[in-house]
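Colleague: I should be grateful for a close look at a single part of this model. Please take one strand and describe its surroundings in a connected account.

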Amino acid sequence: MPNPVKVAIIGTGRSGDHYYSNCKRMFDIVQLAACADDNAEAARRRAAALGTPKACSVAEVLADGEFEIVVHFEGAAMTRRILEAGKHAFAAGSFAMSREEADGLIALAESRGVILGTAPETVLGASFQACRKLLNDGWLGSPYGGRAVVVMDRYSFADPGRFLSETAFYLTNWIHLLGPVRQVTAYRSGYELEAQLPARVAEDELPKSPDAHVTATLHFAGGVVANLYIVLNAPQDSHAFEIYGTEGSLYMPYPQLYGGLVQMKREEEIKLKVPSIYNYGEECSGIGVADMAYVLRMGTPHRTNPEVARHVLDVQLSIGESLVLGTGVQVESTCSRPQPLRIGLPDGKLDETRVEAMTAADQ
């Protein structure tokens with residue numbers, strides 16, 4: 001086993017609770033080495049509670065060569081600070097709000113020779129890895145369609161940052177499972193809100209009060225056509241996340257969970273529960289940080305890579321643009337499907353040997 005990668009986490013709020021505890025205890029390849037916050041007392045309290053060696057300020061973390069990966073929850077500006085300091089960054093919160101911002105971060109990481117990792121990371125959890133295997137092994141035949149219902153409240157819908165965060169879970173999982181999206185066509189209906197979706201058109205062309213129901217039809221490069229429904233104030237049991245194939249249908253859990261019920265229906269009239277065959281079905285925030293650590297120590301493929309996050313952002317912005325333009329929008333970016341996890345990994349591990357190439361099913 002290689003030496004663990006030393007990790008510092010910036011921020012002491014509740015959003016980081018699971019990252020702190022999991023980076024401390026869950027993954028062998030990660031060593032939580034510092035709690036950082038510009039509130040010195042908050043940093044000391046967090047470090048003492050976890051038995052972490054250091055409590056320090058953000059500036060001290062960025063100047064200290066001991067820490068290799070820095071995790072944060074504060075948006076693109078903090079990601080840039082970390083990368084400029086020559087450290088590997090994991091953005092556990094917002095990645096970027098525009099294509100230009102995302103491209104700048106990716107270029108900066110490449111120029112500094114460091115790795116940039118991004119949330120969401122639930123796609124590495126047990127449920128969605130099981131879905132990936134079912135698709136790869138042909139249990140659904142040839143996938144041709146899908147449906148996702150995203151239930152949001154009026155405040156989430158009205159906040160572009162929360163809109164991007166919420167829909168990213170669905171889109172990231174779909175892209176891991178089905179590959180990149182090449183075109184988006186979006187429609188709206190319902191009552192109006194004081195809100196706007198992000199878009200790349202001129203600000204004065206944006207809809208000032210977009211409607212409360214949005215349907216986005218996603219045309220995947222592999223031929224699948226899926227509908228993403230974004231609805232407000234609907235019952236929570238309206239949620240759906242599904243993929244349809246020529247030989248069966250797959251019913252997936254809420255994508256903010258690492259585990260959850262996976263069901264499949266083939267010729268049978270009833271949905272059959274898919275047994276759990278992967279680790280990491282419980283809360284395992286930080287699994288993306290461990291994924292980065294394996295890249296650094298063992299050269300394994302980077303699954304939580306920024307190219308996927310950049311493509312997800314492109315799809316999200318294209319939804320807003322399609323609403324404004326009233327036509328389909330070509331998605332200019334693309335990405336590869338990241339490598340899946342293997343079955344039977346011991347607890348605390350994601351990889352044990354270097355993987356030189358992806359299998360044909362994952363190209």
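Modeller: The account below follows strand β4 and its neighbours, and then turns to a pair of helices. Please bear in mind that this is a predicted model.

Strand β4 covers residues 69-72. Ile69 and Val71 point one way from the strand, Val70 and His72 point the other way, and all are buried. Two strands pair with β4. Strand β1 (residues 5-10) pairs with β4 in the parallel sense, over three bridges; within this pairing, Val71 of β4 is the bridge partner of Ile9. Strand β5 (residues 88-91) also pairs with β4 in the parallel sense, here over four bridges. In that pairing, His72 has Ala91 of β5 as its bridge partner.

His72 and Ala91 also lead to a helix. Both are touched by Thr79, a residue of helix α4 (residues 76-84). Leaving aside residues up to four places away in sequence, Thr79 further touches Ala89, Leu105 and Leu116. Thr79 has a relative accessibility of 0% and therefore counts as buried.

The helix pair is formed by α6 (residues 126-136) and α8 (residues 160-178), which pack at an angle of about 30° with their axes 9 Å apart. Because of that angle, α6 is roughly parallel to α8, the cut-off being under 35 degrees. The crossing of α6 past α8 is right-handed. Phe128, Cys131, Arg132 and Leu135 of α6 make the contact with Asn173, His176 and Leu177 of α8. Of the residues in this contact, four are nonpolar, two polar and one charged.

Methods: Residues numbered from 1 in each chain as written. Predicted model: local features only at pLDDT ≥ 70, side-chain atom pairs only at ≥ 80, totals over all residues. Heavy atoms only, no water. Buried < 20%, exposed > 50% of the residue type's maximum accessible area, 1.4 Å probe, protein only. Contact = heavy atoms within 4.5 Å. Axes fitted to C-alpha atoms, helices over the stretch in contact; angles between N-to-C directions. Parallel < 35°, antiparallel > 145°, perpendicular 65-115°, else oblique. Left-handed = near helix turned anticlockwise from the far one by under 90°. Nonpolar A, V, L, I, M, F, W, Y, C, P; charged D, E, K, R; others polar. Pairing = 2+ DSSP bridges.
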